[in-house]
Each structure stands twice: as structure tokens, then as C-alpha cells.
Amino acid sequence: MSSDEIEKLSQQKEPDFEEVLGAQAKAVGQTYSDFLKLDDLLSLQPGFENNSESLLFFTLHQTKELWMRVMYVEAVNARDCLFEGRVGPALKTMARVRSIQQIMIESWSSLATMTPVDYMSFREELGSSSGFQSPGYRKLEFVLGQKDKRFLVPHEKTPHHYAELREVLNRPSLYDGALHYLNRVGLHIPATCLKRDWSKPYTFNQGVHDAWKTVYGNTENYFEEYHLAEILVDMEYDFQLWRFKHFKTVERIIGSKTGTGGSSGVRYLKLAIDRYFYPELWEVRAAL
């Protein structure tokens with residue numbers, strides 16, 4: 001920057017607070033509140049204002065559903081890019097998913113301030129509802145690669161969610177997109193992994209393991225594939241951290257008590273921690 005440009009910047013008038021307010025008063029068209037539909041949004045929490053504990057619980061879970069929808073959309077975009085061989089845009093999109101995961105992980109800290117007494121002050125209002133019934137969480141899990149048709153059962157009473165989840169279950173996952181991309185760039189992936197029943201749980205395949213081992217053994221020539229492998233591991237690692245913080249938060253609040261809706265509470269959450277999305281990417285570490 002030249003000295004003349006610096007001088008011009010130094011002479012620019014600072015925005016006047018009154019000018020800003022005046023401009024806002026004259027502004028026409030939709031407002032910030034209109035654009036975000038704030039009146040509608042805030043009206044979705046009726047009757048919770050008198051209990052800050054339930055307000056916290058309600059707000060936390062609503063915002064999680066919004067973030068999970070964003071992550072689902074971005075994971076689908078990344079998957080489609082990989083099927084098309086566009087690894088660069090896929091990596092950028094996956095990085096965005098990871099940034100949202102950090103918000104999701106940290107969000108449990110606010111709920112962890114809730115004591116058992118706090119929770120019991122509104123638990124009856126939850127009725128038979130349970131996080132196990134979250135269609136947003138299940139869609140996200142399916143698209144990331146953890147398929148299990150048994151998890152459709154809790155959604156049978158809500159036909160539109162059930163139909164949407166069945167569709168996601170029967171479509172390829174992000175990991176399926178990654179395997180197709182590897183095959184496209186010349187890393188042999190067994191045909192049984194490229195053309196299969198997408199609704200079935202993915203299981204470890206030695207051929208896929210060997211392809212990833214080739215990537216890790218020659219990262220200079222396969223740097224984008226190496227980057228793809230590591231960001232997949234990062235995403236699963238963060239997903240497991242989210243699950244772990246969920247498990248510990250629930251354990252802190254209700255202990256071993258049965259969850260709402262008849263769920264097994266912490267027992268299920270603890271089991272979920274040991275469920276993996278991308279088995280070859282974890283096994284290959286021991287083979288290097």
C-alpha cells in the first residue's frame with residue numbers, strides 16, 4: 001500500500017453512530033427479524049420461559065437438529081463430488097462439516113451444567129419423546145456410512161420421516177463416494193464394494209484396506225487421497241467425541257436410569273461409541 005493510500009485511509013471519517021441509526025430508520029424492505037423468521041422461531045418454545053432448565057434443554061436440542069441438517073446436506077454434496085471425481089470441492093465441504101462438529105461437541109458443555117434435580121423439574125413434560133427418535137441424527141448417520149435398517153423402526157409412526165430415511169438408507173454413503181473416487185484414480189477397489197446393496201451395513205474389506213495402505217505408503221503421489229483419508233478419520237473421530245460427550249452428559253444427569261421413551265439411556269450411548277464408520281482407515285494404521 002502506497003503512502004498516498006495510507007493517507008487517504010487515515011483521513012476517512014469514522015462512521016457516526018447517529019448516522020448508522022438514521023440509515024436503519026430509513027431502510028425499507030424486510031428486516032433481520034423478517035429474514036430469520038424470528039417471531040416464528042421463538043414461538044416454537046411455548047411454556048418454557050418460566051423454567052430456565054427446560055428452556056436450555058429445548059434450545060440445545062432444537063439447534064442440534066438445525067446443525068445436523070446442515071451437516072447432512074454438506075455430506076451429500078461431498079459424496080456427490082467424490083462420485084464425480086471432484087475431490088477438491090469435496091474436501092472443502094468436508095472441512096465445513098468438521099467445523100460444525102466442533103460446535104456440536106462443545107454444545108454438550110452447556111447441558112452438563114444441569115443437575116439431576118434441574119432435569120427432574122421438567123422431565124415429565126418430555127413424555128415418551130427420545131433423542132433416539134431424531135430423524136436428523138439418523139439421516140446424518142446413514143449418509144456418513146453407518147447403515148442399519150433396524151433404526152427405521154422408531155420412525156414408523158411418522159410416515160414422512162420414515163419414507164425419507166428409507167430413501168437415505170438406500171442411497172450410497174459418503175464413504176461409498178470415497179471408494180468410487182479411489183477406483184477412479186486407479187486404486188483398485190473390489191467390485192463388491194462398488195456395486196452393492198447400499199442399505200446394508202458396510203463391513204471391512206481387505207481390498208479396500210490395501211488401497212488405503214497404498215495411499216499411506218506413497219503420500220507424495222497420492223496426497224489428495226491421503227488428505228481425503230485423514231479428513232474422513234477426522235470426521236469419524238469428532239463424531240465419536242460428540243457421542244462420548246453425549247454419553248457422559250447423560251450419565252452425569254440421570255446416571256443409569258432408563259431414558260425417556262423407554263430408551264436404555266446411557267447403556268445405548270456407551271455401545272454406540274464402539275460403532276465405526278470407516279473400518280479400513282482405522283485398521284490400516286496398524287499395518288504401516
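## A salt bridge within helix α13

Lysine 248 and glutamate 251 are joined by a salt bridge, with the closest N and O atoms 2.6 Å apart. Keep in mind from the start that this is a predicted model. Both residues belong to helix α13, where they sit three residues apart, about one turn of the helix. General chemistry gives the background: side chains of opposite charge can pair when their charged atoms come close.

How covered are the two partners? Lysine 248 has a relative accessible area of 36%, so lysine 248 is partly exposed. Glutamate 251 also falls in the partly exposed class, because its relative accessibility is 32%.

## Other salt bridges

The pair in α13 has company: the count of salt bridges comes to 14. One of them links glutamate 230 to arginine 285, with an N to O distance of 2.7 Å. Here the partners come from separate helices, glutamate 230 from α13 and arginine 285 from α15 (residues 279–287), so this contact ties together parts that are 55 residues apart in sequence. At 25% relative accessibility, glutamate 230 is partly exposed, and arginine 285 is partly exposed as well, at 32%.

Arginine 79 and aspartate 80 offer another example, their closest N and O atoms being 3.0 Å apart. Is arginine 79 buried or exposed? Its relative accessibility is 4%, and because the limit for the buried class is under 20%, arginine 79 counts as buried. Its partner, aspartate 80, is partly exposed, with a relative accessible area of 28%.

Salt bridges can also be chained together. Arg138, Glu141, Arg243 and Arg275 form such a network.

## How the helices pack

Two packed helices are described by the angle between their axes and the distance between the axes. Let us start with helix α13 (residues 223–254), which packs with helix α6 (residues 87–111) at an angle of about 15°, their axes lying 9 Å apart. An angle under 35 degrees counts as roughly parallel, and α6 and α13 are therefore roughly parallel to each other. Their crossing is left-handed.

Helix α13 also packs with α15, and here the angle is about 110° and the axes are 10 Å apart. That makes α13 roughly perpendicular to α15. The crossing of this pair is left-handed. The salt bridge between glutamate 230 and arginine 285, described above, has one partner in each of these two helices.

What about α15 and helix α12 (residues 206–217)? These two pack at an angle of about 60°, with 9 Å between their axes. The arrangement of α12 and α15 is therefore oblique, and the crossing is right-handed.

## On the surface around helix α3

Now for a look at the surface. Tyr32, Phe35 and Leu36 make a nonpolar patch of about 380 Å². Phenylalanine 35 has its place in helix α3 (residues 32–36). With a relative accessible area of 57%, phenylalanine 35 is exposed, because the exposed class begins over 50%.

Lysine 37 is found in the loop between α3 and α4 (38–42). What is notable in its backbone is phi, which is near 50°, a positive value in a residue other than glycine. Lysine 37 is exposed, with a relative accessible area of 53%.

## Two pairs brought together by the fold

Two further pairs of residues are worth locating in the structure. Leucine 169 lies in helix α9 (residues 159–169) and is buried, at a relative accessible area of 3%. The C-alpha atom of leucine 169 is separated by 9.7 Å from that of proline 201, and the two residues are 32 residues apart along the chain.

The other pair begins with threonine 59, found in helix α5 (residues 52–83). Threonine 59 is partly exposed, its relative accessible area being 30%. Between the C-alpha atoms of threonine 59 and glutamine 45 the separation is 8.1 Å, for residues 14 apart along the chain.

Key:
Residues are numbered from 1 along each chain as its sequence is written. This is a predicted model: local features need pLDDT of at least 70, side-chain atom pairs count only at pLDDT 80 or more; totals for chains, interfaces and linings use all residues. Side-chain values use heavy atoms; hydrogens and water are left out. Patches are made of residues with over 30% relative accessible area and no salt bridge: like charges are joined within 9 Å, nonpolar side chains (Val, Leu, Ile, Met, Phe, Trp, Tyr) within 5 Å. Accessible areas come from the Shrake-Rupley method with a 1.4 Å probe; for residues, only the protein chains shown count as cover. A salt bridge is a side-chain nitrogen of Lys or Arg within 4 Å of a carboxyl oxygen of Asp or Glu. Helices (H or I, at least four residues) and strands (E, at least two) are DSSP runs, numbered from the N terminus. Buried means under 20% relative accessible area, exposed over 50%, partly exposed in between (1.4 Å probe, protein chains only). Axes are lines fitted to C-alpha atoms, for helices over the stretch in contact, and angles run from 0 to 180 degrees between N-to-C directions. Angles under 35 degrees count as roughly parallel, over 145 as roughly antiparallel, 65 to 115 as roughly perpendicular and the rest as oblique. A crossing is left-handed if the near helix is turned anticlockwise from the far one by less than a right angle, and right-handed if clockwise.
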